[in-house]
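Colleague: I would like to learn how to read a model like this one. Could you take me through it feature by feature?

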Amino acid sequence: MKSTDISNKAWAVWFTGLPGSGKSKLSKLVYDMLADEGITCKRIELDTIRKKYATNPEYTDRERDLVYKKLVDFAAEKVQNGINVIIDASAHKLLYRKYARKKIQRFVEVMIKCPLSVCIERESKRKKGHVVSQMYLRALERKQKGSKFEGLGKVIGVDVPYEENPSAEIIIDSSKNSAEQNALTVKKALLKYLKPK
Ligand SMILES: Nc1ncnc2c1ncn2[C@@H]1O[C@H](COP(=O)(O)OP(=O)(O)O)[C@@H](O)[C@H]1O
Ligand SMILES: [Mg+2]
């Protein structure tokens with residue numbers, strides 16, 4: 001094997017998209033499908049990292065910049081140690097995903113497209129107590145009427161834009177087809193990207 005051959009090296013796949021776009025759902029399904037093929041990986045959710053570095057999260061730009069840096073550094077360390085990684089995190093700034101691309105040699109971006117209205121609809125059905133329960137509806141009310149909501153930080157898709165990457169390796173629209181069908185499409189595309197050259 002040539003020393004430049006990276007086919008055996010670990011990789012990272014980032015599921016990115018608006019809150020409610022289906023990152024967790026899709027990445028869990030893909031994780032299971034890969035496991036069925038004997039491919040193991042570690043799923044890393046932003047919320048787990050956030051709990052560690054922001055005990056009382058305020059969801060400010062500064063806090064997000066820090067938490068995303070920690071997330072990428074953690075993922076890169078895992079990959080460095082030969083562990084495949086699935087990242088489940090919105091990453092509304094392109095910069096966060098660019099940083100991961102810079103730090104991780106084998107990197108695939110799965111961008112989940114989903115109209116904001118669909119995300120809002122899905123999110124409004126979440127159980128009370130979930131981290132984003134009623135988040136969009138409150139953010140919209142705040143924006144339109146100036147209402148105040150204790151502890152509600154800047155909401156992606158309402159207060160801060162989600163930056164799309166038209167060059168992402170895999171782009172999937174989660175408002176079309178079932179989550180299972182989409183997961184299968186993503187898995188197939190992923191294996192194509194990750195197969196030895
Ligand atoms: N393709 C899909 N079709 C229908 N519902 C979906 C789809 N993907 C996700 N959902 C549902 O939408 C909600 C939000 O998905 P989730 O994966 O939690 O989003 P995120 O992790 O991006 O915030 C969940 O209730 C999930 O079951
Ligand atoms: Mg999620």
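Modeller: Gladly, and let us begin with a pair of helices. In this predicted model, Leu 46, Ile 49, Arg 50 and Tyr 53 of H2 are in contact with Leu 66, Val 67, Lys 70, Leu 71 and Phe 74 of H3. By class, the residues of this contact are seven nonpolar, no polar and two charged.

Colleague: How is the geometry of such a pair described, and at what angle do the axes of H2 and H3 cross?

Modeller: Two numbers describe a pair of packed helices: the angle between the axes and the distance between them. Here the axes of H2 (residues 46-53) and H3 (residues 61-80) cross at roughly 115° and come within 9 Å. As for handedness, the H2 and H3 crossing is right-handed.

Colleague: Stepping back to the whole chain, how many helices and strands does the chain have?

Modeller: There are seven helices and five strands in the chain. Read from the N terminus, the order of elements is β-α-β-α-α-β-α-β-α-α-β-α. The chain is as compact as a globular protein of its length, because its radius of gyration is 17 Å and the globule rule gives 16 Å for 197 residues. Along the principal axes, the C-alpha atoms fill a box of roughly 65 × 35 × 30 Å.

Colleague: What share of the residues in the chain is buried, and what share of the contacts joins residues at least 24 apart?

Modeller: Of the 197 residues in the chain, 32% are buried. For the contacts, take those between residues at least 6 apart in sequence: 73% of them join residues at least 24 apart.

Colleague: Now the ligand, please. Which residues come nearest to ligand 1?

Modeller: The shell around ligand 1 has 13 residues, and those that come nearest are Gly 22, Lys 23, Ser 24, Lys 25 and Arg 122. Sorted by class, this shell holds two nonpolar, eight polar and three charged residues.

Colleague: Which helices supply at least two residues of that shell, and which gives the most?

Modeller: H1 (23-36) and H7 (179-194) each supply at least two residues of the shell around ligand 1. H1 gives the most, with three residues.

Colleague: Let us stay with those two helices. Is Asp 32 buried or exposed?

Modeller: Asp 32 belongs to H1, and it is exposed because it has 11 C-beta neighbours inside 10 Å. Over in H7 you will find Ala 189, which is partly exposed, with 16 C-beta neighbours inside 10 Å.

Colleague: How should I compare separation along the sequence with distance in space?

Modeller: Give both values for each pair. Ala 189 and Lys 28 are 161 residues apart in sequence, and their C-alpha atoms are 16 Å apart in space. For Asp 32 and Val 67, the separation is 35 residues in sequence and 27 Å in space, C-alpha to C-alpha. You have already met Val 67, as one of the H3 residues that meet H2. A third pair is Leu 140 and Ala 89, with their positions 51 residues apart in sequence and 22 Å from C-alpha to C-alpha. Leu 140 lies in H6 (residues 135-145) and is partly exposed, with 17 C-beta neighbours inside 10 Å.

Colleague: Finally, the backbone. What sign does phi have in most residues other than glycine?

Modeller: In most residues other than glycine, phi is negative. Tyr 59 is not a glycine, yet its phi is positive, at about 55°. Another case is Ala 91, with a positive phi near 50°.

Colleague: Where are Tyr 59 and Ala 91 found?

Modeller: Tyr 59 sits in the loop between H2 and H3, the two helices whose crossing is right-handed. Ala 91 is in the loop between strand E3 (85-88) and helix H4 (94-103).

Colleague: And is Ala 91 buried or exposed?

Modeller: Ala 91 is buried, because 28 other C-beta atoms lie within 10 Å. Tyr 59, with 18 other C-beta atoms within 10 Å, is partly exposed.

Definitions and conventions: Residues numbered from 1 in each chain as written. Chains lettered and ligands numbered in written order. Predicted model: local features only at pLDDT ≥ 70, side-chain atom pairs only at ≥ 80, totals over all residues. Near = placed C-beta within 6 Å. Helix = DSSP H or I, 4+ residues; strand = E, 2+ residues; numbered from the N terminus. Nonpolar A, V, L, I, M, F, W, Y, C, P; charged D, E, K, R; others polar. Axes fitted to C-alpha atoms, helices over the stretch in contact; angles between N-to-C directions. Left-handed = near helix turned anticlockwise from the far one by under 90°. Contact = placed C-beta atoms within 7 Å. Rg over C-alpha atoms; globule rule 2.2 N^0.38 Å. Buried ≥ 20, exposed ≤ 12 C-beta atoms within 10 Å, placed from the backbone.
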